[in-house]
Amino acid sequence: MILSIQLFDFGRVVWEFDGDVPISRRNEIASLLTDPVLPPGGADVLSRVRVRESRIPTVDQMEPSLIRKGRGLTAFSSPSGVKILINPEFQPDSPRRVLQLTRIVLYGFLPLVLSGQVAIIHGALLCKSDEGVLLTGCSGAGKSTCARRVPEPWEALCDDMVLVTRNGNRYYGQALPTWSQLFPGRSISHPVNWNRFTRLHSIFQLEHAGRADSVSPLTRFEQVGTILAGLHDFSNSWEVERPNGVRQQLLTALVDFSVTMARYVPVAKLKHALDGRFWQALEEFHAPDQYVDHVS
């Protein structure tokens, strides 16, 4: 059984699952998606992830490109993509299982992240007239709240993970699942369409305000820091092994992606009130002159 996602103007990422436990993990991931499988054929496969059952091998059995080794999940890169081994004898509790699902998806993008083609940002993706706005911020900043409150014709595509693809000097966002919907006692209320992409018009660092909604500029250093903080929010999810070269490659790629993205996508601060109309502040935002060619 498979999962697949189309990247903007690039190709696709495909996950292949074999074995009872991997297929059950696949079905949990698919429950968070409206379109988990692309039609056969089409764009080239850029990254192929093979998810198999296996007792976790010892380190000396690993290839040099070990991504991580754990009791429940071990992953390493191979010439054909990424291999993920799930130990059927390890029964994780709910939070660990959800984290395992997150890593299965993240590791599928890892070869493209290391090459600087894509990145995954902690944020909410809003869309109006096919233009996307990315809201970032620490936990509790209001990403999910803003996604729930935004009115039509705005759309909230997701409120947790956003896949960002670079195409020349333009960037495109795609929704990734809200994994917390799989925790006990919660229901799946908003599965996402991860094969829909929208061009990113701007990025906003969220901050709570007293009464009035407002947008204020950031320095270039703050702009880069805003993007990088969103990328590093998922450092626990990636959990790449510390001693090897993959971890250093990942950190370098994330810094480079942040610096380049800040040159082409406007980044500002959005202060939003709980009962305000923050979307009006977004609509009134005008990109500085150096961004006009990109956002127009």
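**Aromatic pairs and Thr178 in a predicted model**

Modeller: The side chains of Thr178 and His190 make a polar contact at 3.5 Å, meaning N or O atoms within 3.5 Å, where within protein one must be able to donate a hydrogen and the other to accept it, and residues adjacent in sequence count only if both atoms are side-chain atoms. This is a predicted model, in which local features need pLDDT of at least 70, side-chain atom pairs count only at pLDDT 80 or more, and totals for chains, interfaces and linings use all residues. Residues are numbered from 1 along each chain as its sequence is written, and side-chain values use heavy atoms, with hydrogens and water left out.

Biologist: Is Thr178 buried or exposed?

Modeller: Thr178 counts as buried because its relative accessibility is 6%; buried means under 20% relative accessible area, exposed over 50%, and partly exposed in between (1.4 Å probe, protein chains only).

Biologist: Changing topic, how many aromatic pairs does the structure hold?

Modeller: The structure holds seven. Rings of Phe, Tyr and Trp (its six-membered ring) pair if their centres lie within 6.5 Å; planes under 30 degrees apart count as stacked, over 60 as edge-to-face and the rest as tilted.

Biologist: Why is the pair of Trp15 and Trp194 stacked?

Modeller: Their ring centres are 5.4 Å apart and the planes lie at 20°, so the pair is stacked. Both Trp15 and Trp194 are buried.

Biologist: And what do Phe278 and Trp279 form?

Modeller: Phe278 and Trp279 form an edge-to-face aromatic pair, 5.2 Å centre to centre with 75° between the planes. Phe278 and Trp279 are buried as well.

Biologist: Which residues form one aromatic cluster?

Modeller: Phe8, Tyr172 and Phe197 do.
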